[in-house]
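Visitor: I'm new to this one, so could you walk me through a few of its features?
Guide: Gladly; let us look at it together and begin with some ring contacts.

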Amino acid sequence: MWTCKSIYRKLAPLASSTLCRHTARRAVLNNERRLPLVPQAHMSTGAPGSGGENILYYVLVGVTCVGGGFYAYRTIREDNKRYQERINEIASRSKRVVPEQPIVNLPSEPPGEQAAESPKETSPEVAAVDPVEPPGSLEDEMVLEPEVEPTPTEPASEQSVEIPAAEPVVESAEGAPVADSVPEEAVVQPSEAESSLEPSQVEVTEQPSAPVLESEPTPVAESLPAETAELPTTAESVLEEPGTIKPTDAPAPVEFPSHAPYLLIGGGTASFAAARSIRARDPGARVLIITEESELPYMRPPLSKELWFSDDSSVVDTLRFKQWNGKERSIYFQPPSFYVSPPDLEKVENGGVAVLTGKKVVHMDVRGNKVTLSDNTEISYDKCLIATGGVPRNLQVIERAGEEVKMRTTLFRKIEDFKALDKVSRDTKSITIIGGGFLGSELACALGRRSADSDLEVIQMFPEKGNMGKVLPEYLSNWTTTKVKSEGVRVITEALVKNVNYTDGKLEIKLKDGRIVKTDHIVAAVGLEPSVELAKSAGLEVDSDFGGYRVNAELQARSNIWVAGDAACFYDIRLGRRRVEHHDHAVVSGRLAGENMTGANKPYWHQSMFWSDLGPDVGYEAIGIVDSSLPTVGVFAKATAKDTPKAATEKSGTGIRSESETEGTASSTVASTPPPSPEPQQKDDYGKGVIFYLRDKVVVGIILWNVFNRMPIARKIIKDGEEHADLNEVAKLFNIHQD
């Protein structure tokens, strides 16, 4: 009994305390000495020992649990209600029109047990469509999923309703076939199986070879789950009601890959040279060229030279011409068979070069390595070349003039410009060329030759004192002006245009000195403006002095981006920073950029040349900095019948002389036999010769006047960068005194 009483006395205080039985039991089991600390937990609403501790706490916990359970119950109940309403809506819309929609996204949740069962075998490429999902909720990004070849023994999918590829039919709500002329791209089934699916689980079978088409101008899609593929929609038909096919206008199919290891922006000479160089170093490379023009890559020099001297009346259509040596060739670098179709670029085994024509790159994401086209399509890349060239400049007085003046003005640059000017030269009586540079002088001579057989009047005006006055020394510029006049051209020197008006069916050009020239058509040949529209979005630097993208000696603007051609302001390791607008520079810089894109890391050391022909009898080749403001030294000799552009092409075998010059190297700067001493220079006899341009007594530029196939020697002289006490001795290296 004493033992029981002793135990009772120990347990009685615990029974009368404010602790609950659970708390007391846990405290006793843990440590009896901690019991006095429990009432000090500040969880009671009353004084210790009052019997009201923890009441509010347990009430709050209980209310929270009950409320949470009620909320979860109500949410699940409402979700089930909405789900049932949606199923009922699908089941009752057998006569509703299925709205035409672009490619849309799939929810990520699995279809569960609501998938429709079908005894038929289905195509593995299926996509889910939510007919009531608004297109505005989708991201403007296209994601193409890889095709998966079905196996003959593959069981039918429970998430798709199969339509045979050979005889596609559209089933009505009762399952009966009601159409047999459904397009092969895709067929949507508003069948009984559809009513048992969730709205996001409506399945469409796809023909594996069908192209992905856009049903709206802006492609919109999201990345799909791995278990599904993207829906290839078509705008050729929409289902107005079960069994009814409504044809609509179909947009052009997608004609480009979503990714290109080598992406070249621009379809000119530089891009083609880069593509050829990339393929030479990486035979399996896949190269995609994007160009605004509708033409494949072509050479521009014949547009102002040989094409105008062709006797073939169909030259405007064929764009094939005879060179000075009589050989015929096309203006295009390669025929269409050379290129890979853009959709096949990712599939061809050994890679290739594809050209995407009529597309313009409007934005560059250099961090994401992708570009955006004008139609909001995105193409990713590994390495990119910008070779956008430039656009012809126009006179501000013409830009401010009315539409009648602009309609009668040609900015000469592309094939379309050549065709338009050819037509104008045959339909009008007067053409005025504004500009005395290379292009203006070449067009003046070409049109002057044509005027000999017609009543066409050709006028050339420029602000300089003589033709090509910014390039040639004054005496040679005056001689060239006389040569152009002899071709039947009316030359107006020191002509500054004040304004242009269209009056009484004529263009009236008023000069600042009061002279007025009336003509039918104007050709503005006043220079080129480099295309640097992508500089802002790409974060590239534009040179403030020369224009164009600033690049280093390796033609790199920043990581994975190179620039070549007219748009590149490069660092010449011999002559400093420069920008060159000539065919040979496009060839050389494009080739170098292509090599560096494949890891060559070569600097731009090559001095590119350029040439101009004033018909088949007079031509010159130049290299380096040729500026008439620099001191010049000219050494001339009498010309022979061999000293003409025509003879030069006969010897080299090509009309594009830089093709034979850029690969050549000068093995020695010493003539094999000592040439005779220079003969006394006859007055105004500039048959052939060499003009040296000096800066700080060092030769920085050379013009070979009617001297051909000597460019490697000129290139080496500039590369050496040495001072020469007697340039007459240097001129002997070109053998100008030999017959």
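Guide: This is a predicted model, and in it a cluster is formed by Phe438, Trp479, Phe610, Tyr620 and Trp705, which are linked through ring pairs.

Visitor: How many aromatic pairs does the structure hold?
Guide: There are 11 aromatic pairs in the structure. One of them joins Phe338 and Tyr339, whose ring centres are 5.0 Å apart with the planes at 90 degrees, so this pair is edge-to-face.

Visitor: And is Tyr339 buried or exposed?
Guide: Tyr339 has 10% relative accessibility and therefore counts as buried, whereas Phe338, at 39%, counts as partly exposed.

Visitor: Back to the cluster: how are the rings of Phe438 and Tyr620 placed?
Guide: Their centres lie 6.3 Å apart and their planes are at 45 degrees, so the pair of Phe438 and Tyr620 is tilted. This pair links distant parts of the chain, since Phe438 belongs to helix α10 (residues 438–451) and Tyr620 to strand β30 (residues 619–624), 182 residues apart. Tyr620 counts as buried at 1% relative accessibility, while Phe438 counts as partly exposed at 22%.

Visitor: New topic, sheets: in what order do the strands of the open sheet come?
Guide: The open sheet has 3 strands in the order β24-β27-β28, with mixed pairing. β24 (549–550) and β28 (576–578) are at the edges and have a single partner strand each, so one side of each has no neighbour in the sheet.

Visitor: In which sense do β24 and β27 pair?
Guide: β24 pairs with strand β27 (residues 568–572) in the parallel sense, over 2 bridges, and Arg550 stands opposite Cys569 in β27.

How values were computed:
Residues are numbered from 1 along each chain as its sequence is written. This is a predicted model: local features need pLDDT of at least 70, side-chain atom pairs count only at pLDDT 80 or more; totals for chains, interfaces and linings use all residues. Side-chain values use heavy atoms; hydrogens and water are left out. Rings of Phe, Tyr and Trp (its six-membered ring) pair if their centres lie within 6.5 Å; planes under 30 degrees apart count as stacked, over 60 as edge-to-face and the rest as tilted. Buried means under 20% relative accessible area, exposed over 50%, partly exposed in between (1.4 Å probe, protein chains only). Helices (H or I, at least four residues) and strands (E, at least two) are DSSP runs, numbered from the N terminus. Two strands pair if DSSP finds at least two bridges between them.
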